[in-house]
Amino acid sequence: MNENKKKSSVAIVGVIFAVVIVLVLGMLFMLRSSAKGKSVDSMMKKIKVKEATPVKASISLDDNSLYDELPEISKYPVAVQGNGQLDVEIFTSGEKAGDGNDSWLIDVANKFNNEGVEVNGKTVSMTVRSVPSGTAADYIISNKYLPDIYTPSNTLFGEYAVVNGGNLELYKERLVGNTAGILVKKGAYSNFADIISAVQSGSLNMGYTNPQTSATGLNLLVTLMQDGEENFAKFNQNIPYVAYTTQQMRDSASNGKLDAILTEYQTYINDDNLKSIYDFVPFGMRHDNPAYVCDKAGKTEDDMAAIDAVLDYCLSDSMQKIATNKGFNANDDYKSELNFTGAEVSQALDSYKVAKDNGKDIIAVFVADCSGSMYGDPMNQLKESLSNGMQYIKENNYVGLVSYSDDVTIEVPIAKFDMNQKAYFQGGINGLNANGSTASYDAVVVAMDMIAKEKVNHPDAKAMIFLLSDGRQNVGYGFNTIKGALEESQIPVYTISYTSDGDKDAMQKLADVNEGASINADSDDIIYKIKSLFNSQM
């Protein structure tokens with residue numbers, strides 16, 4: 001009898017334990033669901049949303065050039081500073097003047113500057129400055145700043161600069177060898193044509209870099225455009241992701257989110273993670289890092305002799321060995337007959353602005369941080385950058401404006417960005433003032449809700465959110481609460497940070513959810529970067 005009671009007690013305890021476990025797991029599930037599984041509709045019920053009365057303001061009809069907003073060259077600090085009597089400054093793409101295996105030109109310059117090279121009794125030195133290929137071309141075309149040598153990844157931006165009035169000419173066709181390529185999931189495809197066909201048929205998810213800033217992205221664009229604009233348009237209509245920067249593309253490749261992405265062989269061969277996930281399939285013209293001389297006619301014989309000394313040193317066996325050890329000169333069996341003129345590159349870039357959206361509408365909501373921490377210069381720069389960037393938003397897009405501090409205000413409801421909407425948009429910008437706390441994620445939820453309602457009328461539209469903030473969220477919903485709904489919406493959030501001491505990690509995390517870009521810039525160059533972003537996305 002006692003034994004039976006003991007067994008019965010054990011059984012009861014077991015049942016109670018099981019019930020407790022089930023209840024605990026259920027509570028955890030409910031908590032997790034409430035924290036991470038909220039829908040936009042349910043979140044909107046707890047967000048205080050105001051609706052401002054839109055006010056028109058005058059707008060500028062001047063067709064200002066993007067070159068007008070180029071920051072001072074000091075925004076791109078030198079990686080190596082020479083101090084010779086004849087100092088040769090080089091603009092280089094990032095893979096030759098970065099960290100680790102991307103530091104070839106830095107190594108070359110340091111060694112050269114220790115050699116004591118002289119020309120006609122004058123000491124010669126190298127200064128290296130890393131500037132993105134497209135941005136460097138802008139400096140040269142605008143004549144705002146001219147280096148002595150410009151070495152982009154390939155000749156495309158160089159020839160583009162020449163045909164657009166840049167004072168430069170091709171001097172050396174190759175400093176170090178490299179190739180552009182598509183990284184595709186291992187074993188899937190082995191040639192470029194099959195990859196493109198797979199993307200065009202919708203069976204392969206691929207991302208590429210913005211051809212307006214990236215030499216690799218530009219190579220892909222002109223390669224596809226040689227078979228007609230419709231070839232690129234058919235390809236682009238199935239692209240879920242265009243990276244704003246090469247680093248953004250690297251990050252996306254490393255996490256394996258896409259079936260295929262764009263990069264260079266030197267990057268691929270030095271990244272064990274990329275090699276484990278992807279095969280490298282070369283395409284287009286080679287990336288042999290040519291050297292252009294700027295303002296050759298204005299240089300003295302000694303200047304040209306110094307340039308020759310620098311370039312000969314770069315091409316010496318010992319420096320080429322360093323390059324090979326860093327992943328360059330490794331794919332020389334790849335040959336290409338492709339060669340594009342500056343006029344062809346210009347035409348391709350003009351066509352890209354039209355073809356990139358494949359005739360689809362774009363719905364965008366601009367979300368402006370008006371909290372107290374934005375007071376002063378950050379708010380002034382936010383307003384100036386939005387006003388100046390408006391010219392890059394095409395009239396067929398649908399645009400709205402939201403502001404926030406403690407609460408969220410719909411300053412301008414979404415509407416087609418015609419002259420009337422532009423006037424309202426400018427009026428909304430003019431009325432922005434900084435005060436209060438920072439409900440960033442509440443504002444993003446409101447933007448998502450606005451877009452969802454507008455997509456009823458434009459179901460095939462491409463949607464995006466631009467969050468302009470210092471990243472210091474401190475009231476309202478948190479990131480983990482809205483993340484699930486944001487993922488489900490598939491709306492990319494492009495974040496622009498206006499201060500050097502804001503929460504950049506939070507801004508980056510928000511952008512990473514749906515492969516948006518995160519721009520960290522101070523007030524000296526934020527306008528140029530935002531204009532570039534609008535130019536590429538809008």
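Visitor: What makes strand β12 largely enclosed by the rest of the structure?

Guide: Start with the residues. This is a predicted model, and in it seven of the nine residues of β12 (residues 278-286) are buried. Buried here means under 20% relative accessible area, so β12 counts as largely enclosed.

Visitor: How do you know that strand β8 and β12 pair, and in which sense?

Guide: Pairing takes at least two bridges between the strands. Strand β8 (residues 179-185) and β12 share six bridges, so the criterion is met, and the sense is antiparallel. You can pick out some of the partners yourself: Leu-183 has Phe-280 in β12 as its bridge partner, and Ile-182 stands opposite Val-281 in β12.

Visitor: What makes β11 and β12 the edge strands?

Guide: Look at the order of this open sheet of three strands, which is β11-β8-β12 with antiparallel pairing. Both β11 (260-264) and β12 pair on one side only, and that puts them at the edges. On average, and ignoring direction, neighbouring strands of the sheet are turned by 30° against each other.

Visitor: Now the sheet of seven strands: why do β1 and β19 stand at the edges?

Guide: Its order is β1-β16-β15-β14-β17-β18-β19; this sheet is also open, with mixed pairing. β1 (49-51) and β19 (518-520) each have a single partner strand, so one side of each has no neighbour in the sheet. Here the average turn between neighbouring strands is 20°, direction ignored.

Visitor: How do you know that strand β14 and strand β17 are joined, and which way do they run?

Guide: Count the bridges again. There are seven between β14 (residues 362-369) and β17 (residues 462-469), and the two strands run parallel. Against a requirement of at least two bridges, seven bridges make β14 and β17 a pair. One spot to look at is Ala-364, which stands opposite Met-464 in β17.

Visitor: What lies across β14, β15 and β16?

Guide: Helix α16 (residues 419-430) does, crossing β14, β15 (398-404) and β16 (408-416). The angle of α16 to β16 is about 165°. Angles over 145 degrees count as roughly antiparallel, so α16 is roughly antiparallel to β16.

Visitor: Why are α7 and α14 called roughly perpendicular to each other?

Guide: Two packed helices are described by the angle between their axes and the distance between the axes. For helix α7 (residues 215-225) and helix α14 (residues 342-355), the angle is about 95° and the axes are 10 Å apart. The range for roughly perpendicular is 65 to 115 degrees, and α7 and α14 therefore get that label. The α7 side of the contact has Leu-218, Leu-221, Val-222 and Met-225, while α14 brings Val-345, Ala-348, Leu-349, Ser-351 and Tyr-352. By class, that contact has eight nonpolar residues, one polar residue and no charged ones.

Visitor: What makes Ile-140 count as buried?

Guide: Its relative accessibility is 1%, set against a cut-off of under 20%, so Ile-140 is buried. Ile-140 lies in helix α4 (residues 133-142). Neighbours within four places in sequence aside, Ile-140 has contacts that include Tyr-145, Pro-147, Leu-168 and Cys-294. From C-alpha to C-alpha, Ile-140 and Cys-294 are 8.1 Å apart, with their positions 154 residues apart in sequence.

Visitor: Cys-294 and Cys-314: buried or exposed?

Guide: Cys-294 is buried, at a relative accessible area of 1%, and Cys-314 is buried with 1% too. As for disulfides, one would need a pair of cysteine sulfur atoms within 2.5 Å, and by this rule the count is zero.

Visitor: What is Asn-120 called, buried or exposed, and what about Asp-295?

Guide: Asn-120 has a relative accessible area of 65%, over the 50% cut-off, so Asn-120 is exposed. Asp-295 has 27%, which falls between 20% and 50%, so Asp-295 is partly exposed. Asn-120 is in the loop between β4 (118-119) and β5 (122-130), and Asp-295 is in the loop between β13 (291-294) and α12 (301-314).

Visitor: What is phi in Asn-120 and in Asp-295?

Guide: Asn-120 has a phi near 50°, a positive value in a residue other than glycine. Asp-295 is not a glycine either, and its phi is positive at about 50°.

Technical notes. Residues are numbered from 1 along each chain as its sequence is written. This is a predicted model: local features need pLDDT of at least 70, side-chain atom pairs count only at pLDDT 80 or more; totals for chains, interfaces and linings use all residues. Side-chain values use heavy atoms; hydrogens and water are left out. Axes are lines fitted to C-alpha atoms, for helices over the stretch in contact, and angles run from 0 to 180 degrees between N-to-C directions. Helices (H or I, at least four residues) and strands (E, at least two) are DSSP runs, numbered from the N terminus. Angles under 35 degrees count as roughly parallel, over 145 as roughly antiparallel, 65 to 115 as roughly perpendicular and the rest as oblique. Contact means heavy atoms within 4.5 Å. Ala, Val, Leu, Ile, Met, Phe, Trp, Tyr, Cys and Pro count as nonpolar, Asp, Glu, Lys and Arg as charged, and the others, Gly among them, as polar. Buried means under 20% relative accessible area, exposed over 50%, partly exposed in between (1.4 Å probe, protein chains only).
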